[in-house]
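Work through the exercises below with the model open. Each task is followed by a stepwise solution.

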Amino acid sequence: MGKETSERIQTSILNGVEKKVLVWLAKRQPKWMTSDGLTYLGVIGSIIFALGGYLANLNSNFLWLASFGLVIHWYGDSLDGTLARVRNAQRPVYGFFIDHTMDVVTTAFIFLGVGLSPMLRMDIAFFAFSGYLALSVYTYICIILKNEFRLTYGKFGPTEFRLLLIVLCILYMYSPWTDIKYNISGVEYGVFDIIGIIISLVLYSIYIVQFIKDRKMFSVQDPSKQ
């Protein structure tokens, strides 16, 4: 939902198509469905993902359940704000509070699910989680200081991230990469562990590049008094 007076930055690959789909879905929601209900549905989707990731230790096909959880999470998390706008029922303060408070919960469940699954080691999953949270915090800082609500960085946003996780789940189930292991300094890493490390480093790289760019701008805007 966001701070309604902030400029919304959405530059992701799927943004144009996704907007049309979300408006189409919002117009067809039953009257009893509310933005809050969709937000909490997104939380349920993230819990399903975590459950599917854990059960995948018994059978990797449970990653289909995890992927289904991500679809539910997308439906609830992406549609809640659109429904409010379509119905002209925005609640900028309350909506921002509920939406982004629940984002922390759902993101934690998703990365926990990745760590509980056989795909990634828990420490690597939470390394990626910390990078994702760093970008989230940076986004909220920029809402205050720049009046800019950046929902995406470059061509990548939450929807693309969910799709990436689904692709990784499918690759884990059906690719030969699953059994490939590397011993690095006495620690065993799988191919998906290495992919997780790369994703983490990309998240932190985006954070650092954006910080350097904005630091220069803010130093001009608010020069030193010494």
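On a 1 Å grid over the protein atoms alone, a cavity is a set of points where a 1.4 Å probe fits but cannot get out. A pocket is an open set with protein on both sides within 12 Å along at least five of seven lines. Lining residues have an atom within 4 Å of a point. Grid points are joined across faces, edges and corners, and a volume is the space filled by probe spheres set on the points.

The model is predicted; local features need pLDDT of at least 70, side-chain atom pairs count only at pLDDT 80 or more, and totals for chains, interfaces and linings use all residues. Residues are numbered from 1 along each chain as its sequence is written, and side-chain values use heavy atoms, with hydrogens and water left out.

**Exercise 1. Find which element has the lowest mean pLDDT and which the highest.**

Step 1. pLDDT is the predictor's confidence in each residue, from 0 to 100. The protein averages 90, and 97% of the residues score at least 70.

Step 2. Elements are DSSP runs numbered from the N terminus: helices (H or I, at least four residues) and strands (E, at least two).

Step 3. Strand S1 (residues 7-9) is lowest, at 74. Helix H2 (residues 35-55) is highest, at 97.

**Exercise 2. Describe the largest cavity: its volume, its lining and the character of that lining.**

Step 1. One cavity of 30 Å³ or more is present. The largest has a volume of about 120 Å³.

Step 2. Its lining has 13 residues. Val114, Leu120, Leu165, Leu168 and Ile199 lie nearest the centre.

Step 3. H4, H5, H6 and H7 each supply at least two lining residues. H7 gives the most, with four.

Step 4. Sort by type. Ala, Val, Leu, Ile, Met, Phe, Trp, Tyr, Cys and Pro count as nonpolar, Asp, Glu, Lys and Arg as charged, and the others, Gly among them, as polar. The cavity lining has twelve nonpolar residues, one polar and no charged.

**Exercise 3. Do the same for the largest pocket: volume, lining and residue types.**

Step 1. The pocket volume is about 1200 Å³.

Step 2. Its lining has 50 residues, with Asp77, Tyr132, Leu151, Gly157 and Pro158 nearest the centre.

Step 3. H4 gives the most to this lining, with eight residues. Strand S2 (148-150) is one of the elements that supply at least two.

Step 4. The pocket lining divides into 23 nonpolar, 16 polar and eleven charged residues.
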